[in-house]
Amino acid sequence: QVQLVESGGGLVQAGGSLRLSCAASGSIVSINRMGWYRQVPGKQRELVASSTSATSTNYADSVKGRFTISRDNAKNTVYLQMNSLKPEDTAVYYCNADVQERARSGLFNYWGQGTQVAVSS
């Protein structure tokens with residue numbers, strides 16, 4: 001089994017910054033893709049940013065130029081640096097990862113428990 005634990009959420013004023021972290025632990029051989037999603041009540045969960053390597057990243061149009069995803073593969077950790085935050089960035093942010101495990105073949109998808117980000121105007 002694999003666990004993803006997020007941290008770094010909180011309340012910030014518009015224009016401010018936050019850095020989210022997500023650490024994966026458990027029976028991990030390697031992690032392929034890691035990403036961040038967000039969800040607000042009544043809406044579908046949406047992709048914010050994802051990374052399959054240091055040079056292969058993908059961002060939602062709404063966060064391009066403001067958010068940066070990065071990874072520390074040695075620590076099985078992914079970060080999301082969020083700058084110039086807007087009230088519309090308010091959501092629960094979830095970490096997601098495709099993991100190759102020791103006990104079974106193939107890639108398995110995992111979610112973290114979520115961390116709340118609130119941006120006040």
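1. A disulfide is a pair of cysteine sulfur atoms within 2.5 Å. By that criterion the structure, which is a predicted model, holds 1 disulfide. The two cysteines are C22 and C95, with sulfur atoms 2.1 Å apart. The torsion about their S-S bond is about -80°, so the disulfide is left-handed. C22 lies in strand β3 (residues 18-26) and C95 in strand β9, so the pair ties together parts that are 73 residues apart in sequence. Both C22 and C95 are buried. As general background, a disulfide is a covalent bond between the sulfur atoms of two cysteines.

2. Strand β3 also belongs to an open sheet. Its 4 strands run in the order β1-β3-β8-β7, and the pairing is antiparallel. β1 (2-7) and β7 are the edge strands, each of them pairing on one side only. On average, neighbouring strands of this sheet are turned by 15° against each other, with direction ignored.

3. The pairing of β7 with β8 can be described further. These two strands are antiparallel over 6 bridges. Within this pairing, D72 stands opposite T77 in β8.

4. Turning to aromatic contacts, how many aromatic pairs does a search of the whole structure find? The search gives 2. In one of them, the ring centres of Y37 and W111 are 5.0 Å apart and the planes stand at 65°; the pair is edge-to-face because the angle is over 60 degrees. Y37 is in strand β4 (residues 28-39) and W111 in strand β10 (residues 107-111), so this contact links distant parts of the chain, 74 residues apart. Y37 has a relative accessible area of 18% and is therefore buried, the limit being under 20%. W111, at 38%, is partly exposed.

5. The other pair also involves W111. Ring centres of Y94 and W111 lie 6.4 Å apart with planes at 85°, so this pair is edge-to-face. The 6.4 Å separation falls within the 6.5 Å cut-off for ring centres. Since Y94 lies in strand β9 and W111 in strand β10, the contact ties together parts that are 17 residues apart in sequence. Y94 is buried, its relative accessible area being 15%. Through these ring pairs, Y37, Y94 and W111 are linked into a cluster.

6. Charged groups over rings deserve a separate entry. The ring of W111 has the charged end of R45 sitting over it, 4.6 Å from the ring centre. W111 is thus a partner in the ring cluster and in a contact with a charge. A further case is R104, whose charged end sits over the ring of F108 at 3.5 Å from the centre.

7. Next come the salt bridges, of which the structure holds 6. In general, side chains of opposite charge can pair when their charged atoms come close. One of these bridges joins R38 and E46, with the closest N and O atoms 2.7 Å apart. Is each partner buried or exposed, and where does each fall? R38 has a relative accessibility of 6% and counts as buried, whereas E46 has 38% and counts as partly exposed.

8. Another salt bridge connects K64 and D61, the closest N and O atoms being 3.1 Å apart. D61 has a relative accessibility of 64%, and since this is over 50% the residue counts as exposed.

9. R66 and D89 also meet in a salt bridge through their side chains, at 2.8 Å from N to O. R66 sits in the loop between β6 (57-59) and β7 (67-72), and D89 in the loop between β8 (77-82) and β9 (91-101), so the pair ties together parts that are 23 residues apart in sequence. R66 counts as buried at 11% relative accessibility. D89 is buried as well, with a relative accessible area of 1%. Salt bridges that share partners join R38, E46, R66 and D89 into one network.

10. Strand β9 recurs in these points. C95, in the disulfide with C22, lies in β9. Y94, in the ring pair with W111, lies in β9 too. The loop that holds D89 is between β8 and β9.

Notes
Residues are numbered from 1 along each chain as its sequence is written. This is a predicted model: local features need pLDDT of at least 70, side-chain atom pairs count only at pLDDT 80 or more; totals for chains, interfaces and linings use all residues. Side-chain values use heavy atoms; hydrogens and water are left out. A salt bridge is a side-chain nitrogen of Lys or Arg within 4 Å of a carboxyl oxygen of Asp or Glu. Buried means under 20% relative accessible area, exposed over 50%, partly exposed in between (1.4 Å probe, protein chains only). Two strands pair if DSSP finds at least two bridges between them. Axes are lines fitted to C-alpha atoms, for helices over the stretch in contact, and angles run from 0 to 180 degrees between N-to-C directions. Rings of Phe, Tyr and Trp (its six-membered ring) pair if their centres lie within 6.5 Å; planes under 30 degrees apart count as stacked, over 60 as edge-to-face and the rest as tilted. A charge sits over a ring if NZ of Lys or CZ of Arg is within 6 Å of the ring centre and within 35 degrees of the ring normal.
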